[in-house]
Amino acid sequence: MRLHKLSLFGAVVGALILTAAFAPNARATRELVYFNFEGVVGVTPGTFNSVPAPGPGAAYPFLQNSTVINSPSSPFPLGQLALAPGQGTTLNQLLGDAPTTNTALDAMGNDTNAPFCFQFGANTFTSGNIYTSLSLSFALNSVGGGSQFDTLTLNYATVASPTLADFTNFDTISINQDAGYYTITSALPAGALQQANLTLEFCFSGAKNSGEGDHTYIDNVRLTATVVPEPSSYIGGLVGILGLCWFQRRWLVRSLRFRRA
């Protein structure tokens, strides 16, 4: 009887190990868009391209091609949305990324006629509706004499070529002005899921004067999706457990026959 109990205990432990091995990770994520602003000037002046798939270390096959553009309705003044070499950071950087120029996006906007905005697009539509949530994250740094932007508003739209009226706010951030980088993470509403024409917009406001020398640096912008575990993962785990149980049953039957003999 002791042998049988140990055998059943081994079966249960084995089943639990297989379940843990095959069970999907509830926190599995996909990187959809990533801007590191390293030598990624777009074809059109004042535009900046994202890092394409497969990304750093060929580890991000789901990265999409996207481009930061000046907002058509609330644009930065000419020359005041530009790349700033030597002003970047490793905060919020994708694992495996290796900056070559340490560049950041510089939202100068030395003008009180704010807000000034930039945008980029993404596609969150999937045939299996496998994304459960989206998050936008980036590194942010404000440098100046205290008259630079103090507020960042994050908006989204779900139509092609959106106008000002199409955007909805999903977060408002008070910008720290201590010349240090901070990582900002904002959850997008459910309305941003399953959208083939998602546009994300960064709008800056609160500048106190029109003097030069004020800078708001943005680096390592990421749009990340949380993924529903694929059914095949569950099936693989169940098949493994059933196989173990079947093997254990046969072992027990042979053991009982041996004892009776």
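## A tour of strands, rings and core

Student: In strand 12, which residue is the bridge partner of Asp106?
Tutor: Good place to begin, and keep in mind that this is a predicted model. Strand 5 and strand 12 pair in the antiparallel sense, and two bridges hold that pairing. In strand 12, Asp106 has as its bridge partner Tyr217.

Student: How many bridges pair strand 4 and strand 5?
Tutor: Ala84 gives one way into this pairing, since its bridge partner in strand 5 is Ala104. The two strands run in the antiparallel sense, and the number of bridges between them is four.

Student: What pattern does the protein chain follow, read along the sequence?
Tutor: Start with the inventory: the protein chain has two helices and 12 strands. Placed along the sequence, these elements give the pattern α-β-β-β-β-β-β-β-β-β-β-β-β-α.

Student: Which strands stand at the edges of the open sheet, each with a single partner strand?
Tutor: Six strands form this open sheet, with antiparallel pairing, in the order 2-3-6-11-8-9. At one end, strand 2 is joined to strand 3 by two bridges, and Asn49 stands opposite Thr67 in strand 3. An edge strand has a single partner, so one side of it is left without a neighbour in the sheet; that describes strand 2 and strand 9.

Student: Is Phe76 buried or exposed?
Tutor: Phe76 sits in the loop between strand 3 and strand 4. Its relative accessibility is 3%. The cut-off for burial is under 20%, so Phe76 counts as buried.

Student: What is the angle between the planes of Phe76 and Phe116?
Tutor: The structure holds 12 aromatic pairs, and Phe76 with Phe116 is a tilted one, at 5.7 Å centre to centre. Phe116 belongs to strand 6, so the pair ties together parts that are 40 residues apart in sequence. Phe116 is buried as well, with a relative accessible area of 5%. The angle between the planes is 40°.

Student: How do Tyr156 and Phe170 pair: what is the name for their geometry?
Tutor: Tyr156 and Phe170 have ring centres 6.2 Å apart and planes at 65°. Tyr156 lies in strand 8 and Phe170 in strand 9, so this pair ties together parts that are 14 residues apart in sequence. Tyr156 is buried at 12% relative accessible area, and Phe170 is buried at 13%. Planes over 60 degrees apart set the class, so the pair is edge-to-face.

Student: Arg30 lies over the face of which residue?
Tutor: Here the ring meets an arginine side chain rather than another ring. Arg30 is placed 3.7 Å from the ring centre, over the face of Phe62.

Student: Which residues have the most contacts inside the largest nonpolar core?
Tutor: This core has 40 residues, and at least two of them come from each of several strands, including strand 1, strand 7 and strand 12. Phe138 offers a look inside: among the residues it touches are Leu152, Ile173, Phe202 and Val221. Phe138, Phe202 and Phe204 also belong to one aromatic cluster, along with others including Phe35 and Phe118. The residues with the most contacts inside the core are Leu136, Phe138, Phe202 and Phe204.

Student: At what distance does the side chain of Thr124 reach the backbone nitrogen of Gln194?
Tutor: Thr124 lies in the loop between strand 6 and strand 7, and it is buried, with a relative accessible area of 0%. Its surroundings include Leu32, Tyr131, Ala192 and Leu198, which it touches together with Gln194. The side chain of Thr124 reaches the backbone nitrogen of Gln194 at 3.2 Å.

Student: How far apart in space are Thr124 and Thr224, C-alpha to C-alpha?
Tutor: In sequence, these two threonines are 100 residues apart. In space, their C-alpha to C-alpha distance is 10.0 Å.

Student: What is the relative accessible area of Gln93?
Tutor: Gln93 is in the loop between strand 4 and strand 5. It touches Tyr34, Pro99, Asn220 and Arg222, leaving aside residues up to four places away in sequence. Burial requires a value under 20%, and Gln93 is buried at 18%.

Student: Among contacts between residues at least 6 apart in sequence, what percentage joins residues at least 24 apart?
Tutor: For the whole picture, buried residues make up 43% of the 261 residues in the protein chain. Of its contacts between residues at least 6 apart, the share joining residues at least 24 apart is 79%.

Key:
Residues are numbered from 1 along each chain as its sequence is written. This is a predicted model: local features need pLDDT of at least 70, side-chain atom pairs count only at pLDDT 80 or more; totals for chains, interfaces and linings use all residues. Side-chain values use heavy atoms; hydrogens and water are left out. Buried means under 20% relative accessible area, exposed over 50%, partly exposed in between (1.4 Å probe, protein chains only). Contact means heavy atoms within 4.5 Å. Rings of Phe, Tyr and Trp (its six-membered ring) pair if their centres lie within 6.5 Å; planes under 30 degrees apart count as stacked, over 60 as edge-to-face and the rest as tilted. A charge sits over a ring if NZ of Lys or CZ of Arg is within 6 Å of the ring centre and within 35 degrees of the ring normal. A nonpolar core is a set of buried Ala, Val, Leu, Ile, Met, Phe, Trp, Tyr and Cys residues joined through side-chain atoms within 4.5 Å. Two strands pair if DSSP finds at least two bridges between them. A polar contact is a pair of N or O atoms within 3.5 Å; within protein, one must be able to donate a hydrogen and the other to accept it, and residues adjacent in sequence count only if both atoms are side-chain atoms.
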